[in-house]
Amino acid sequence: KYFEMSLKDNSWKKLTSPDPFVEMESQLGLEGTVAGRATTIVNASIFEAAAWERLKLSRKAMKIHYAFGGLDRDLIPLNNHSWLYRTSIDLGISGFAPREWLSWAVWKMIDDKTLLVGGSDREDERFPVGAKSKDGKKYIRASSVFLWKYETLPDLAGIKRTKVTYHQQIDLKGLIPKAIMNSRVVGTLAYLTDFRLNFDKSAEADAGRRAELMKLIADDFNFSHTEECMADFDSLIKEVEGCEPPLNAYGMADESKIHASMFGGQGWGKTKLKIKGTIEEVAAFLWHLDSNANMSRYGTLERPKFEGGQGFVQRQVTRRQRLEGSSAAYHRDRLFESEMTLSWFDDDTLVIMVKTPDERKRGSIAAVNAKETVGILLRRSSDERTTKMEYACKLDLGANADVVQTRNFLLSRLAEVWEVGIFFYRLVPLKDYTLEDGTALGYDLLWKSPNAKNRLARLEEVRRESRGLKELTDKDNLPLVHTMLKAIMEGSLHINRDVKTKLVCLIEKEAMQCGGNLILSLMTELTAEQACD
């Protein structure tokens, strides 16, 4: 009843979630009291999801608990439907004692598609009030009410899905500033990110949905908007006066240009890119704007919402993005409400146009309405396995956006296009690698990597997501290629020494030396080819 009543309460405040796949809200009460709720979708059945959350004492659960300042934790089963749960955390605030919760939790099936787990305060003589932690600090007994709701969703591409909603109201029993409470509630709700990632099958789900869209695009040769779309694209792609190449562009892109007006938040940009995928596959990827792959790369604050539209070839899409600024008045999000149209020009050419109509809903305190005109032209290459993409955009971010903000926003839009190319290059298996794929991998490793820390983080990301690099570094006969790459990406100077050991016999120290040798060569030779030789 408490949960259902809270859904009707309009005083909840939407939080900026660090994870675009987790929606968060909070409700601050008196000092020390706060309520929070979060929702996400996990790729598992309701029973798998509930069982994972129930395993409070697993090594993974305890690792997450300790990372958030957790101290002691106990779980005592009472019967098949309930258990006693005790947890404690260090608030991380100087002068504040650690807090302890003791709850009685119960689970119940509401119907064959819904499972609830609820809990509230409980006293038990096995855990007296005022107990001390292992380091001698006295716990203050706090209060909480929580509810987990698991709802079965239709399968997507054969993958089970569950909507998970977590609702908690806590009282920390103390005069704690609201700003600190707000930061704590975001950290608590961020647990759903670990929950989601534990069952993450987004790559498989996206691939299944992309295959469905590819079939629809291939079968639906719609020419109803062709002339209009091509005329709009030809007008949009023309270079504007004063445009210039952007800094830190992706190395595989061609003819990248941007122009940002000094005032008014207006900008224009274009780029060209060859993508390692069929024209139907690339179009399906672009059309599936709310895929997990697009959401994780595009910096969108909310999952895009599709409404109405004329069948498959046209959709209404609402997209909200962050505009960074030095002043709170200029730091508001931008809301794009646009029409997205897909049309074939001929058997080998496809056009996607995204345009903001003149009549739109009004903005809000949290977001300002903005306008966009985006054109994407896809051409099938002669080998049919690659696609040439031309992209152009024209943006109106509002009069209060300065030239730096406009330029950065344009770069973020071009980066979205470059990320599409990176996504498809990462799908190429090692056995199919060409010189072009190797070059793309090199640019992928070094893009957005201004320092050693970023380069090493980028290496781990690419190794995790690039099929070719993963196969290379995971091969049994080349166990230390990853170590060698780490030394190269770190970029620290080493004294060059010969390594005469065969590659398959390298030890870790020798692999580090090989990587270090290349750094000095890269700094002293005129070209990368000479350094590698």
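**Figure 1. Contacts across the chain in a predicted model.** Among contacts between residues at least 6 apart in sequence, 60% join residues at least 24 apart. The model shown here, and in every view that follows, is predicted. Its secondary structure comes to 16 helices and 18 strands. Of the 533 residues in the protein, 47% are buried. Keep these overall values at hand as we move in on the details.

**Figure 2. The largest cavity and its lining.** Four cavities of 30 Å³ or more are found in the structure, and this view is centred on the largest, with a volume of about 260 Å³. Its lining has 16 residues. Nearest the centre lie Leu-289, Arg-319, Val-374, Ile-376 and Glu-416. Strands β14 (314-321), β17 (367-380) and β18 (387-396), together with helix α10 (403-425), each give two or more residues to this lining. The largest share, four residues, comes from α10. If you care about the chemistry of the wall, the lining divides into twelve nonpolar and four charged residues, with no polar ones.

**Figure 3. The second largest cavity, beside α10 and α11.** Here the enclosed space is about 60 Å³. The lining is made up of Tyr-250, Ile-422, Tyr-425, Arg-426, Tyr-433, Asp-437, Ala-440, Leu-441 and Asp-444. Two elements, α10 and α11 (435-446), give two or more residues each. Helix α11 provides the largest share, with four residues. By type, the lining residues are six nonpolar and three charged, and none is polar.

**Figure 4. The largest nonpolar core, seen around Leu-350.** Nonpolar side chains tend to be buried together in soluble globular proteins. In this model the largest nonpolar core has 51 residues. Those with the most contacts inside the core are Tyr-250, Leu-286, Leu-350, Ile-376, Leu-378 and Leu-397. Helix α10 gives the largest share of this core, twelve residues. What does Leu-350 contact, leaving aside its neighbours within four places in sequence? Its partners are Ile-217, Ile-279, Ala-283, Leu-342, Ser-343, Trp-344, Phe-345, Ile-376, Leu-377 and Leu-378. Apart from this core lies another, of 36 residues, among them Val-42, Trp-83, Trp-101 and Ala-105. Two of the names in this legend also appear in earlier views: Ile-376 is among the residues nearest the centre of the largest cavity, and Tyr-250 is one of those lining the second largest.

**Figure 5. The β15-β16 hairpin.** Strand β15 (residues 333-346) is mostly covered, with eleven of its 14 residues buried. Strand β16 (residues 349-355) pairs with β15 in the antiparallel sense over seven bridges. Two residues lie between the strands of this hairpin. To find the register, look for Ser-343, which stands opposite Val-351 in β16. Ser-343 is also one of the contacts of Leu-350.

**Figure 6. Strands β6, β7 and β9.** Antiparallel strands β6 (residues 99-111) and β7 (residues 114-121) are joined by eight bridges. A hairpin connects β6 to β7 through two residues. Trp-104 has Ser-120 in β7 as its bridge partner. Strand β7 also pairs with β9 (residues 143-156), again in the antiparallel sense, over six bridges. On that side, Gly-118 stands opposite Leu-147 in β9.

**Figure 7. Asp-206 in helix α6.** This close-up shows Asp-206, found in α6 (residues 202-219). Is Asp-206 buried or exposed? Asp-206 counts as buried because its relative accessible area is 5%, where the cut-off for buried is under 20%. Not counting residues up to four places away in sequence, Asp-206 touches His-288, Ser-291, Asn-292 and Ala-293. Asn-294 is 88 residues from Asp-206 in sequence, and their C-alpha atoms are 9.6 Å apart in space.

**Figure 8. Glu-255 and its positive phi.** Most residues other than glycine have a negative phi. What is the phi of Glu-255? The angle is near 50°, a positive value in a residue other than glycine. Glu-255 is found in strand β11 (residues 254-260). With 45% relative accessibility, Glu-255 counts as partly exposed, because that class runs between the limits of 20% and 50%.

Key. Residues are numbered from 1 along each chain as its sequence is written. This is a predicted model: local features need pLDDT of at least 70, side-chain atom pairs count only at pLDDT 80 or more; totals for chains, interfaces and linings use all residues. Side-chain values use heavy atoms; hydrogens and water are left out. On a 1 Å grid over the protein atoms alone, a cavity is a set of points where a 1.4 Å probe fits but cannot get out, and a pocket is an open set with protein on both sides within 12 Å along at least five of seven lines; lining residues have an atom within 4 Å of a point. Grid points are joined across faces, edges and corners, and a volume is the space filled by probe spheres set on the points. Ala, Val, Leu, Ile, Met, Phe, Trp, Tyr, Cys and Pro count as nonpolar, Asp, Glu, Lys and Arg as charged, and the others, Gly among them, as polar. A nonpolar core is a set of buried Ala, Val, Leu, Ile, Met, Phe, Trp, Tyr and Cys residues joined through side-chain atoms within 4.5 Å. Buried means under 20% relative accessible area, exposed over 50%, partly exposed in between (1.4 Å probe, protein chains only). Contact means heavy atoms within 4.5 Å. Two strands pair if DSSP finds at least two bridges between them.
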